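Student: I am new to this structure and would like a close look at one part of it. Please choose a region, walk me through it slowly, and link it to its surroundings as you go.

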Amino acid sequence: MSAPTAKASKKELNSNHDGADETSEKEQQEAIEHIDEVQNEIDRLNEQASEEILKVEQKYNKLRQPFFQKRSELIAKIPNFWVTTFVNHPQVSALLGEEDEEALHYLTRVEVTEFEDIKSGYRIDFYFDENPYFENKVLSKEFHLNESGDPSSKSTEIKWKSGKDLTKRSSQTQNKASRKRQHEEPESFFTWFTDHYDAGADELGEVIKDDIWPNPLQYYLVPDMDDEEGEAEDDDDDDEEEEGLEDIDEEGDEDEGEEDEDDDEGEEGEEDEGEDD
């Protein structure tokens, strides 16, 4: 009779388990190192793709320039094109007070120029006719990214005419209004030219460059909401009139039906009298 198989001691089981853990940890570490190597290759390809995309953007940016120029020449033939475009844009219009709109009626041209390497920044130029607010013919704001990637901005100093500084007037109006009511008037559009606090989060600059500039016509052609509401009210009135006519027709049909029933009853009565005779 063969001797019984000896059971493995707890000590032996633990030593085997520890060995498995050591093997598993080693495999995990090797896997992590391989993942890091693969990730480096992915990052390298991403950088290469960014460089290729930048070259394509630079190429097509140059190809677009003649069309931008032609578009500006055509826009110049349309009075109040740019102020209408800004007023119709939901984000920009929120920054416009009444006097801002008045000043922007003298705005004749807007140009967005991306710097040659594109990724280092851009400039927005606003061209004005002679106006009662400031001396400048052109107001510009530039956005830059330095070599470390930190954003900054600079702009034209606005040479306000006496008593026409809309940024100061807006500030004074807000201070007075804030004492009386919670809802303050929006800051002047022109305070944007003096605001360099956080160039990396300049929403107005990004909106003009990425949303308005590629296709300003879509905002110029936005229909007047008052006209739309008027048309909607007219449609509602027409619907109500049609419903009224339908009700009248239905009542007429019901009356005719009742008359037909009376006629039928009369005819049946005459027939009954004839039979009795």
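Tutor: Let's start with a term we will need: a residue is called buried when its relative accessible area is under 20%, exposed when that value is over 50%, and partly exposed in between. Please also keep in mind that this is a predicted model.

By that rule, D202 is buried, because its relative accessible area is 8% and therefore falls under the 20% limit. D202 will be the centre of our tour.

First, a little orientation. The protein has 277 residues, and 23% of them are buried. It contains 8 helices and 4 strands. If you follow the chain from its start, the order of elements is α-α-α-α-β-β-β-β-α-α-α-α.

Now to the pairing that D202 makes. Side chains of opposite charge can pair when their charged atoms come close. The structure has 8 salt bridges, and in one of them D202 meets K141, with 3.1 Å from N to O. D202 sits in the loop between α5 and α6, while K141 belongs to strand β3 (residues 138-145), so this pair ties together parts that lie 61 residues apart in sequence. What about the burial of the partner? K141 is buried too, because its relative accessibility is 0%, which is under the 20% limit.

D202 also has a place in the largest pocket. How would one find such a space? Rolling a probe the size of a water molecule over the atoms shows where empty space is left. Here, the largest pocket holds about 330 Å³ of space. It is lined by 18 residues, and those closest to its centre are L95, W192, D202, E203 and L204. So what kinds of residues make up that lining? By class, 9 are nonpolar, 4 are polar and 5 are charged. Among the elements of the fold, α3 (90-93) and α6 (203-212) each bring at least two residues to the lining, and α6 gives the most, with 3 residues.

Step back along the chain to A201, which lies in the loop between α5 (166-180) and α6. A201 counts as partly exposed, because its relative accessibility of 47% falls between the limits of 20% and 50%. A201 also shows how the chain folds back on itself: its C-alpha is 9.1 Å from that of P151, although 50 residues separate them in sequence.

P151 leads us to strand β4, which spans residues 151-155 and includes K154. K154 forms a salt bridge with E142, and the closest N and O atoms are 4.0 Å apart. E142 is in strand β3, so this pair ties together parts that are 12 residues apart in sequence. Are the two partners buried or partly exposed? K154 is partly exposed, at 49% relative accessible area, whereas E142 is buried, at 18%. Strand β3 therefore holds K141, the partner of D202, as well as E142, the partner of K154.

Next, move forward from D202 into α6, which covers residues 203-212. Here is another salt bridge, between the side chains of D210 and K209, at 2.7 Å from N to O. D210 is partly exposed, with 45% relative accessibility, while K209 is buried, with a relative accessible area of 16%. Elsewhere, salt bridges that share partners join E130, K137 and K161 into one network.

A little further along the chain comes helix α7 (residues 217-220), where we find Y220. Y220 counts as partly exposed, because its relative accessibility is 25% and therefore between the two limits. The C-alpha of Y220 is separated by 7.7 Å from that of W82, and the two are 138 residues apart along the chain.

To sum up the centre of our tour: D202 is buried, pairs with K141 in a salt bridge, and is one of the residues closest to the centre of the largest pocket.

Notes: Residues are numbered from 1 along each chain as its sequence is written. This is a predicted model: local features need pLDDT of at least 70, side-chain atom pairs count only at pLDDT 80 or more; totals for chains, interfaces and linings use all residues. Side-chain values use heavy atoms; hydrogens and water are left out. On a 1 Å grid over the protein atoms alone, a cavity is a set of points where a 1.4 Å probe fits but cannot get out, and a pocket is an open set with protein on both sides within 12 Å along at least five of seven lines; lining residues have an atom within 4 Å of a point. Grid points are joined across faces, edges and corners, and a volume is the space filled by probe spheres set on the points. Ala, Val, Leu, Ile, Met, Phe, Trp, Tyr, Cys and Pro count as nonpolar, Asp, Glu, Lys and Arg as charged, and the others, Gly among them, as polar. Buried means under 20% relative accessible area, exposed over 50%, partly exposed in between (1.4 Å probe, protein chains only).
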